[in-house]
Each structure stands twice: as structure tokens, then as C-alpha cells.
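I opened the notebook to go through this chain one item at a time. The ring pairs come first, the overall fold after them.

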Amino acid sequence: MKELRSALTDQLRKPDSPTPELANLLRKIGREAHQKQIRPEQLIIIFKQLWNSLAESLRPQNADQYERIRQRLVTLCIQAYYAE
């Protein structure tokens, strides 16, 4: 979680596209969640809660931009979860 929190904080500072570090970390987390039989809904809820708490503390100027990147990151989580 500490690694994810750090990567998300970096991402929030550069919201244009997913950072390579965060994309790789989300793939790893998705695979691990699948292996541990954590439901994908649980994974997404945890991710969104963490994202929202960090975004709230940073007070984004462009909420639409942050929403778009959050959606892309959720998609990465889902793809990693179901990847073989």
C-alpha cells in the first residue's frame, strides 16, 4: 500500500497519462489480487478510495483531467486482474 500511495501521489502531480511505474505496479497488484482470489470489485473499491483520498488532499485544479486518468488506471487494474 505504501508503494501504491507513493506512485499515486506522483501520478496526481502528472495527470496527463499513467506513469510507467504506476502502470507496472497496477499490473502487479491486479495479478496478485487475482491469485489471492480477491474479487475485482474489492480491488477497484480499494484503489478508488486511495485515489480519492490523495486527490482530495492535493485539491486538483482540473477535476475532469483527474477523472480521465483515474478511469484509465481502473482499466489497467481490471485488465491486469483478468490477464493470463
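How many aromatic pairs does the count come to? I worked from a predicted model, and there the count comes to 2 aromatic pairs.

**Entry: the stacked pair.** I looked up phenylalanine 47 and tryptophan 51, whose rings form a stacked pair. Their centres are 6.2 Å apart and their planes meet at 25°. Rings pair when their centres lie within 6.5 Å, and planes under 30 degrees apart count as stacked, so 6.2 Å and 25° satisfy both cut-offs. I then checked where the two residues sit: both belong to helix H3, which covers residues 40-58. They are 4 residues apart, which is about one turn of the helix.

I also looked up their accessibility. Phenylalanine 47 has a relative accessible area of 2% and is therefore buried. Tryptophan 51 also comes out as buried, with a relative accessible area of 2%.

**Entry: the edge-to-face pair.** Tyrosine 81 and tyrosine 82 form an aromatic pair that is edge-to-face. I noted 5.0 Å from centre to centre and 75° between the planes. Planes over 60 degrees apart count as edge-to-face, so the 75° of this pair puts it in that class.

Is each of these tyrosines buried or exposed? Tyrosine 81 has a relative accessible area of 7%, so I entered it as buried. Tyrosine 82 stands at 51% relative accessibility and therefore counts as exposed. The cut-off for exposed is over 50%.

**Entry: the fold.** I went on to the secondary structure, which comes to 4 helices and 0 strands. Along the sequence I read the pattern as α-α-α-α. For the chain's contacts with a separation of 6 or more, I noted that 73% join residues 24 or more positions apart.

**Entry: dimensions.** Which radius of gyration does the chain have? I found 12 Å, which agrees with the value near 12 Å for a compact globule, because the chain has 84 residues. Along its principal axes, the C-alpha trace spans about 35 × 20 × 20 Å.

**Entry: surface and charge.** I looked up burial for the chain as a whole: 39% of the 84 residues count as buried. The chain exposes about 5700 Å², and carbon and sulfur atoms supply 48% of that area. Last, I checked the charges, of which 14 are positive and 10 negative. The mean positions of these two sets are 3 Å apart.

Terms used: Residues numbered from 1 in each chain as written. Predicted model: local features only at pLDDT ≥ 70, side-chain atom pairs only at ≥ 80, totals over all residues. Heavy atoms only, no water. Rg over C-alpha atoms; globule rule 2.2 N^0.38 Å. Buried < 20%, exposed > 50% of the residue type's maximum accessible area, 1.4 Å probe, protein only. Contact = heavy atoms within 4.5 Å. Areas by Shrake-Rupley, 256 points an atom, 1.4 Å probe, with all protein chains shown as cover. Lys, Arg positive; Asp, Glu negative; His and termini not counted. Charge placed at Lys NZ, Arg CZ, Asp CG, Glu CD. Phe/Tyr/Trp six-rings, centres within 6.5 Å; stacked < 30°, edge-to-face > 60°.
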